[in-house]
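User: Please examine one part of this model closely and describe how it is built and what surrounds it. A connected account would be preferred to a list.

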Amino acid sequence: MRDDPTFVEQIQRDLQDVRWLGPEEIRSRARRRSQRKIVVATVVLALAGVSAVAVAAPRTSSPPAQPAASASPTRHEITTDALLQPADLPQQVDVQLSQSGLGEQVRLADMLSYCRTSQGRSEGWQTSILSRSQTFVPKRAAPILTQSDGLVTQDLFRLVPETARQLFASLDDLVAPCAEWLSVGPILTAGGTRTGEALHRWSVVQRGFAGDDAAILRDSLTLTRDLETGQPLGDQPSPILVAVVRVGDTVSVLRLGYDGTEAELVQLAVAAAARMCAAANPPC
């Protein structure tokens, strides 16, 4: 560098041009820089505060709706607990015959069906979705029992709801053609088969005593007489009684296999309606 005095001289001249800050000016600039930092920090904190308020502010929209309570599931099967139980019967039983079916007709009485078809009319029965039937048989010594030995017979049907309601709405029209019907046919007697005649009078005698709807159908028939001689064939028969009761979409048909009364049949229908709640839609 000694060989290059020009370079040294240049540095000396540059250093002479440098302006050094005095102590007061250095402190003044330091204060201004600190103030700028404070202002910037304040703005940042202010913006952060606004953001926090915006996030934490309560929503003005309505709260979400609570989900509705789930509806009861639709029942399909007819379980045995929906049928009459032995404790519901007026007599003790120890045998119970039962069966189930699909698409069965709701047959109220075979004699009523015969009355209508003998006049060229349709039977008029509604068709069920499924059914369960049972016959309670009293204590007997006979080793073989059939439904004809039954104490009480019950048919329990599930129908389309509107069909179940229509069944009761049409009862009067159903029995009207058989309000006075003269039945003529073969009668088996001790002396052989004879031709007998009897007058049947079908009517709906009680309504609304059980479940959602109920009715008693009665056939008050006269003594059967020999068509040729006019002599009576047998004793005065008891009325044919049928109870029909509806609970929701289920319909029960009840018949007594002995000389029971209307009061007894009504009592059974009330018990049957309470049991039917286990299968009905909507639930009781």
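In what order do the seven strands of the open sheet lie, and with what pairing? Please then concentrate on strand β7 and its surroundings.

Analyst: The model is a predicted one. Its protein chain holds six helices and 10 strands. Of its 284 residues, 32% count as buried. Among contacts in the chain with a separation of 6 or more, 65% are between residues 24 or more positions apart. The chain exposes about 17800 Å², and 54% of that area is supplied by carbon and sulfur atoms.

The open sheet is ordered β1-β2-β3-β10-β9-β7-β6, and its seven strands pair in the antiparallel sense. The edges are taken by β1 (93–102) and β6 (202–207); each has a single partner strand, so one side of each has no neighbour in the sheet. From one strand to the next, the twist averages 20°. As a general point, the strands of a sheet pair through backbone hydrogen bonds, in either a parallel or an antiparallel manner.

Strand β7 stands between β9 and β6 in this order. On one side, β7 (residues 213–219) is joined by seven bridges to β9 (residues 240–247), and the two strands run antiparallel. Two positions illustrate this pairing: Ala214 is placed opposite Val245 in β9, and Ile216 is placed opposite Ala243 in β9. On the other side, β7 pairs with β6 over five bridges, again in the antiparallel sense. Here Ile216 of β7 is the bridge partner of Gln206. Ile216 therefore takes part in both pairings, with Ala243 as the residue opposite in β9 and Gln206 as its bridge partner. As to cover, five of the seven residues of β7 are buried, and the strand is mostly covered.

The link between β6 and β7 deserves separate attention. The two strands form a hairpin with five residues between them, and Gly208 in the turn has a positive phi of about 65°. Gly211 also belongs to the loop between β6 and β7. Leaving aside residues up to four places away in sequence, Gly211 touches Val245, Arg246, Val247 and Ala273. Of these contacts, Val245 is also the residue in β9 that stands opposite Ala214. Gly211 can further be placed relative to Met276: the two are 65 residues apart in sequence, while their C-alpha atoms are 8.7 Å apart in space.

The sheet also has a helix against it. Helix α6 (residues 262–276) packs on the sheet and touches β3 (152–158), β6, β7, β9 and β10 (250–256). The direction of α6 makes about 25° with that of β9. The segment after α6 contains Pro282. With a relative accessibility of 62%, Pro282 counts as exposed, because the threshold for that class is over 50%. Pro282 and Pro161 are 121 residues apart along the chain, and a distance of 9.7 Å separates their C-alpha atoms.

A final point concerns the loop between β8 (225–226) and β9, where Leu227 is located. Leu227 is partly exposed, because its relative accessible area of 43% falls between the limits of 20% and 50%. Together with Leu182 and Val184, Leu227 makes a nonpolar surface patch of about 250 Å².

Notes
Residues numbered from 1 in each chain as written. Predicted model: local features only at pLDDT ≥ 70, side-chain atom pairs only at ≥ 80, totals over all residues. Heavy atoms only, no water. Pairing = 2+ DSSP bridges. Helix = DSSP H or I, 4+ residues; strand = E, 2+ residues; numbered from the N terminus. Axes fitted to C-alpha atoms, helices over the stretch in contact; angles between N-to-C directions. Contact = heavy atoms within 4.5 Å. Patch = residues over 30% accessible without salt bridge, like charges linked within 9 Å, V, L, I, M, F, W, Y side chains within 5 Å. Areas by Shrake-Rupley, 256 points an atom, 1.4 Å probe, with all protein chains shown as cover. Salt bridge = Lys/Arg side-chain N within 4 Å of Asp/Glu carboxyl O. Buried < 20%, exposed > 50% of the residue type's maximum accessible area, 1.4 Å probe, protein only.
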